Amino acid sequence: LNATGQIQAGSLITTSNVSVSAFRRLYLTFDTATTAPNDSNSVRALTGVINNPQLNNTYSFTTAQIPTGLKRMVFAYPVYAGTLAYAQDTTNNFSYLSNLGTPTIVSVAGVNGASPINYYVYTYIAGGTFGNSNFTITI
């Protein structure tokens with residue numbers, strides 16, 4: 001048995017270097033639901049996530065994420081990141097910024113269920129359906 005490089009029983013390794021990174025998420029969905037998220041649990045239940053959203057960042061989504069027949073799109077992210085500056089269906093060159101309108105503000109807890117902060121929640125519910133397109137947002 002070769003124990004080279006293994007920690008032997010009874011040995012102790014100490015270090016003074018510890019690093020913790022905390023961040024909030026942008027939650028999103030493109031789906032067939034017809035209601036807007038209105039509390040922490042419904043925001044955190046959205047199916048897509050992007051870690052650590054920031055002002056002036058652009059996020060793109062493809063037709064694989066936005067298939068045909070959808071009714072709702074939702075983007076929810078911390079207020080500190082700023083308001084939505086751009087929301088565009090880049091396949092059909094159609095801006096959704098006015099359709100997403102004024103965001104609601106929802107208090108969303110962290111992963112530990114504590115320390116809630118305010119999130120902007122932008123929701124668009126289509127009269128018909130939409131999809132099969134590429135989409136880009138900029139905060």
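How many aromatic pairs does the count come to? The count comes to 14 aromatic pairs. This is a predicted model. The report takes the two sheets in turn, then the cores, the rings and two single residues.

## The five-stranded sheet

One open sheet has 5 strands. Their order is β2-β1-β4-β8-β7, and the pairing is antiparallel. The edges belong to β2 (48–51) and β7 (104–108). Each of these has a single partner strand, so one side of each lacks a neighbour in the sheet. On average, neighbouring strands here are turned by 25 degrees against each other, direction ignored.

Strand β1 pairs with β2 through 4 bridges, running antiparallel. In that pairing, Y27 stands opposite V49 of β2. β1 also pairs with β4, again in the antiparallel sense, over 5 bridges. There F30 faces M73 in β4. Is β1 largely enclosed or not, and why? Of its 7 residues, 6 are buried, so β1 is largely enclosed by the rest of the structure.

Strand β4 spans residues 70–78, and strand β8 spans residues 117–130. The two run antiparallel and are joined by 8 bridges. R72 stands opposite I125 of β8.

Strands of a sheet pair through backbone hydrogen bonds, either parallel or antiparallel.

## The four-stranded sheet

A further open sheet has 4 strands in the order β3-β9-β5-β6. Its pairing is antiparallel as well. β3 and β6 (94–95) stand at the edges. Each has a single partner strand, so one side of each is left without a neighbour in the sheet. Strand β5 covers residues 86–89 and is joined to β9 by 4 bridges, the two running antiparallel. D89 stands opposite F135 in β9.

## The nonpolar cores

Which residues touch the most other members of the largest nonpolar core? They are F30, F61 and F135, in a core of 24 residues. At least two residues come from each of β1 (25–31), β3 (58–61), β4, β8 and β9 (135–138). The largest share, 5 residues, comes from β8.

F61 has a long contact list. Leaving out residues up to four places away in sequence, F61 touches L28, F30, I50, I66, F75, S133, N134, F135 and I137.

Another core lies apart from the largest one. That second core has 9 residues, including V43, V74, V106 and V121.

## Aromatic rings

A pair of aromatic rings is described by the distance of the centres and the angle of the planes. Two of the 14 aromatic pairs are set out here.

| Pair | Centre to centre | Angle between planes | Type |
|---|---|---|---|
| F75 and F135 | 5.9 Å | 15 degrees | stacked |
| Y77 and Y120 | 6.2 Å | 75 degrees | edge-to-face |

F75 sits in strand β4 and F135 in strand β9, so their pair ties together parts that are 60 residues apart in sequence. F75 and F135 are both buried.

Y77 lies in strand β4 and Y120 in strand β8, so this pair ties together parts that are 43 residues apart in sequence. Y77 and Y120 are both buried too.

Which residues form one aromatic cluster? The members are F30, F61, F75, F94, Y96, Y124, F130 and F135. F30, F61 and F135 in this list are also the residues that touch the most other members of the largest core.

## Two single residues

T138 lies in strand β9. Is T138 buried or exposed? Its relative accessibility is 16%, so T138 counts as buried; the cut-off for buried is under 20%. The side chain of T138 makes a polar contact of 2.8 Å with the side chain of T58. Leaving out residues up to four places away in sequence, T138 touches N56, N57, T58, L84, A85 and Y86.

V18 is placed in the segment before β1. Its relative accessibility is 72%, so V18 counts as exposed. The cut-off for exposed is over 50%. How far apart in space are V18 and N41? They lie 31 Å apart, C-alpha to C-alpha, and 23 residues apart in sequence.

Key
Residues numbered from 1 in each chain as written. Predicted model: local features only at pLDDT ≥ 70, side-chain atom pairs only at ≥ 80, totals over all residues. Heavy atoms only, no water. Pairing = 2+ DSSP bridges. Axes fitted to C-alpha atoms, helices over the stretch in contact; angles between N-to-C directions. Core = buried A, V, L, I, M, F, W, Y, C linked by side-chain atoms within 4.5 Å. Buried < 20%, exposed > 50% of the residue type's maximum accessible area, 1.4 Å probe, protein only. Contact = heavy atoms within 4.5 Å. Phe/Tyr/Trp six-rings, centres within 6.5 Å; stacked < 30°, edge-to-face > 60°. Polar contact = N/O pair within 3.5 Å; in protein donor to acceptor, adjacent residues only side chain to side chain.
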